[in-house]
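The following exercises introduce a single protein chain. Please attempt each task with the sequence and the model in view before reading the solution.

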Amino acid sequence: MKNKVWFVDLLRVVAALAVVVIHVLGPYRDQIGQLPDWQWISAITINSLSRWAVPVFIMITGALMLSDQRPFEPVYYIKRRLGKVLVPFLVWSVFYALFSGLTTSGFDSSVSWSILKKMPTHETYYHLGFFYYFIPLYLLIPIIQWWVQKAEPGQVKGVIMVWLVITGLYLFYIDGLWSETYLLYSGYLLLGYCLYQYRWPSLMVLLPLAVIALVATDYNVISHSFAANEYKMGRWMSYKTLNTALVAATVFLLCRWASDKLRLSTRNKLAWLSKYSLGVYLIHPIFLWPLREYDLYFANPLIAIPVWTVIAASLALATSWLLSRSRYSAWLVP
């Protein structure tokens, strides 16, 4: 395990868990005025604290793939890198299109067919939207990888600084050519690489900025929502904004720091969980379906969100593990 990057396992596990949290609390967002104010605020605060999860997955990809020093081989890259994600995504997309037709009163094939027809441009289920901007990044990775291998550290850091400024402009609706979706998402690849290779920006710089970003995010979403008497997040909950980027970078370095403190036995357990993190991401909405369809939320968000997160994540983990046991289904949970 000489070349094992241990902290990536911890990152994958906490990011997968945070994604489940986001999807568990989803229905709470539109219950402003229906719940006691403090309960609604609790759910929104948890949401604010979890938005870093999706960017972290992109940063992990950037850290590992941009650091790969092996010569680029197109056939290997398409089959082993891109294909490993693309093929399961297509199969799960068809599955969830069919799954979308399932209701408490039965199966509606017209709903499934309508969703399936939109699959080329729109996700078939809410959690699959991530892949529509993640998979195209695989086309950019070889270009960015070629550049970082030739660039000086100062040049990489300079590009990161410009990108962070762009995410700040986007947050405050100062739009232009720099607001292009793939430009904003591809910056996370380079940010992950920079944090991995140079530990820059440093944790000492990022930590106070992340705290400010979290407080600003929560305050703006809550205050704007109460003013409008409906859930209003603006761009504060976006994955493409400065506040989210600062928090994601901080979580990245915190996990790296924490991983160094863990015992080998704990690291091995995290490595096992990490193997199934993508499977958990893909599968967990199946176990949230009855929660949403039958309105099984109970007590208040501070109790219901952790309980249902543990249940959904555990069931998804078990399912992912079972699928991985057979060579006929293991490719579904790479």
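**Exercise 1. The annotated region**

State which residues UniProt lists for the annotated domain, and describe the secondary structure of the chain over that range.

*Solution.* The UniProt record, an unreviewed entry, lists residues 7-325 under "domain: Acyltransferase". The structure examined here is a predicted model. Over residues 7-325, helix accounts for 73% of the chain and strand for 1%. The C-alpha atoms at the two ends of this range are 25 Å apart.

**Exercise 2. The packing of H8 and H9**

Determine how H8 and H9 are oriented to each other, and identify residues through which they meet.

*Solution.* Step one concerns the geometry: the axes of H8 and H9 are 10 Å apart, and the angle between them is about 140°. Step two is the classification. Angles over 145 degrees count as roughly antiparallel, and 65 to 115 as roughly perpendicular. The angle of about 140° falls in neither range, and H8 and H9 are therefore oblique to each other. Step three adds the handedness, for H8 passes H9 in a left-handed crossing. Step four turns to the residues: on the H8 side they include Trp163, Ile166, Thr167 and Tyr170, while the H9 side includes Leu184, Tyr188, Leu191 and Tyr198.

**Exercise 3. Two residues and their surroundings**

Decide whether threonine 167 and serine 238 are buried or exposed, and name their contacts.

*Solution.* The cut-off for a buried residue is a relative accessible area under 20%. Threonine 167, in helix H8, has a value of 0% and is therefore buried. Apart from neighbours within four places in sequence, threonine 167 is in contact with Leu184, Lys240, Thr241 and Leu242. Leu184 is also among the H9 residues that meet H8.

Serine 238 belongs to the loop between H10 and H11. Its relative accessible area is 15%, so serine 238 is buried as well. With residues up to four places away in sequence set aside, serine 238 touches Tyr170 and Thr244. Tyr170 is one of the H8 residues that meet H9.

**Exercise 4. Salt bridges**

How many salt bridges does the model contain, and how exposed are the partners in the pairs aspartate 68 and arginine 70, aspartate 175 and arginine 235, and glutamate 230 and lysine 232?

*Solution.* Side chains of opposite charge can pair when their charged atoms come close. The cut-off between nitrogen and carboxyl oxygen is 4 Å, and the count comes to 5 salt bridges.

- Aspartate 68 and arginine 70 are joined at 2.8 Å, N to O. Aspartate 68 is buried at 18% relative accessibility, whereas arginine 70 is partly exposed at 48%. Asp68 and Arg70 also belong to a network of salt bridges with Arg81.
- Aspartate 175 and arginine 235 are joined at 2.9 Å, N to O. Aspartate 175 lies in the loop between helix H8 (153-171) and helix H9 (181-198), and arginine 235 in the loop between helix H10 (203-228) and helix H11 (242-259), so the pair ties together parts that are 60 residues apart in sequence. Aspartate 175 is partly exposed at 38% relative accessibility, and arginine 235 is buried at 14%.
- Glutamate 230 and lysine 232 form a salt bridge in which the closest N and O atoms are 3.7 Å apart. Glutamate 230 is partly exposed, at 40%, and lysine 232 is partly exposed, at 38%.

Technical notes. Residues numbered from 1 in each chain as written. Predicted model: local features only at pLDDT ≥ 70, side-chain atom pairs only at ≥ 80, totals over all residues. Heavy atoms only, no water. Salt bridge = Lys/Arg side-chain N within 4 Å of Asp/Glu carboxyl O. Buried < 20%, exposed > 50% of the residue type's maximum accessible area, 1.4 Å probe, protein only. Helix = DSSP H or I, 4+ residues; strand = E, 2+ residues; numbered from the N terminus. Contact = heavy atoms within 4.5 Å. UniProt positions renumbered as here; feature names shortened; annotations may be inferred. Axes fitted to C-alpha atoms, helices over the stretch in contact; angles between N-to-C directions. Parallel < 35°, antiparallel > 145°, perpendicular 65-115°, else oblique. Left-handed = near helix turned anticlockwise from the far one by under 90°.
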